[in-house]
Amino acid sequence: MKNRLKELRAGKGWTQADLALELEVSRQTINAIETGKFDPSLPLAFKAARIFGMTIEEIFTDEPG
């Protein structure tokens, strides 16, 4: 699954640890999502969308890598 988390996080000046704190997950989870090694759960995707003021589809796409 492709996602824009890294660019959105950078746009806020946040580290992976900062975003992890906001989403209540580990920094390793953020790294795994950003690198495409892990797909977020639906509740986590909704939470990310709320934090960035976007829809899930604006952040995550079902295109590979």
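1. In this predicted model, Glu 34 forms a salt bridge with Arg 9, and the closest N and O atoms are 2.6 Å apart. The pair links distant parts of the chain, since Glu 34 belongs to helix H3 and Arg 9 to helix H1, 25 residues apart. Both Glu 34 and Arg 9 are buried.

2. The surroundings of Arg 9 deserve a separate remark. Arg 9 has its place in helix H1 and counts as buried because its relative accessibility is 10%, where buried means under 20%. Leaving aside residues up to four places away in sequence, Arg 9 touches Trp 14, Thr 15, Gln 16, Leu 19, Glu 34 and Phe 52. Two of these names recur in this note: Glu 34 is the salt-bridge partner of Arg 9, and Phe 52 is one of the buried residues of helix H4.

3. The structure holds 3 salt bridges. Another of them joins Glu 24 and Lys 47, with the closest N and O atoms 2.3 Å apart. Glu 24 lies in the loop between H2 and H3 and Lys 47 lies in helix H4, so this pair ties together parts that are 23 residues apart in sequence. Glu 24 counts as exposed, at 64% relative accessibility, whereas Lys 47 counts as partly exposed, at 22%.

4. A further salt bridge is formed by Glu 7 with Arg 4, the closest N and O atoms being 3.1 Å apart. Glu 7 is partly exposed, with a relative accessible area of 49%. Arg 4 is likewise partly exposed, with a value of 31%. As background, side chains of opposite charge can pair when their charged atoms come close.

5. Helix H4 spans residues 42-52, and Leu 44, Ala 45, Ala 48, Ala 49 and Phe 52 are buried in it. Viewed down the axis of H4, the buried residues fall within an arc of 140 degrees, so they line one face of the helix. The face turned away from this buried side carries the exposed residues Leu 42, Pro 43 and Arg 50.

6. Against which elements do the buried residues of H4 pack? The partners are helix H1 (5-11), helix H2 (16-23), helix H3 (27-34), helix H5 (56-59) and strand E2 (60-61). Helices H1 and H3, named here as packing partners, also hold Arg 9 and Glu 34, respectively.

7. A last point concerns the backbone at the end of this helix. Just after H4, Gly 53 takes a positive phi of about 65 degrees.

Technical notes
Residues are numbered from 1 along each chain as its sequence is written. This is a predicted model: local features need pLDDT of at least 70, side-chain atom pairs count only at pLDDT 80 or more; totals for chains, interfaces and linings use all residues. Side-chain values use heavy atoms; hydrogens and water are left out. Buried means under 20% relative accessible area, exposed over 50%, partly exposed in between (1.4 Å probe, protein chains only). Helices (H or I, at least four residues) and strands (E, at least two) are DSSP runs, numbered from the N terminus. The arc is that of the directions from the helix axis to the C-beta atoms. Contact means heavy atoms within 4.5 Å. A salt bridge is a side-chain nitrogen of Lys or Arg within 4 Å of a carboxyl oxygen of Asp or Glu.
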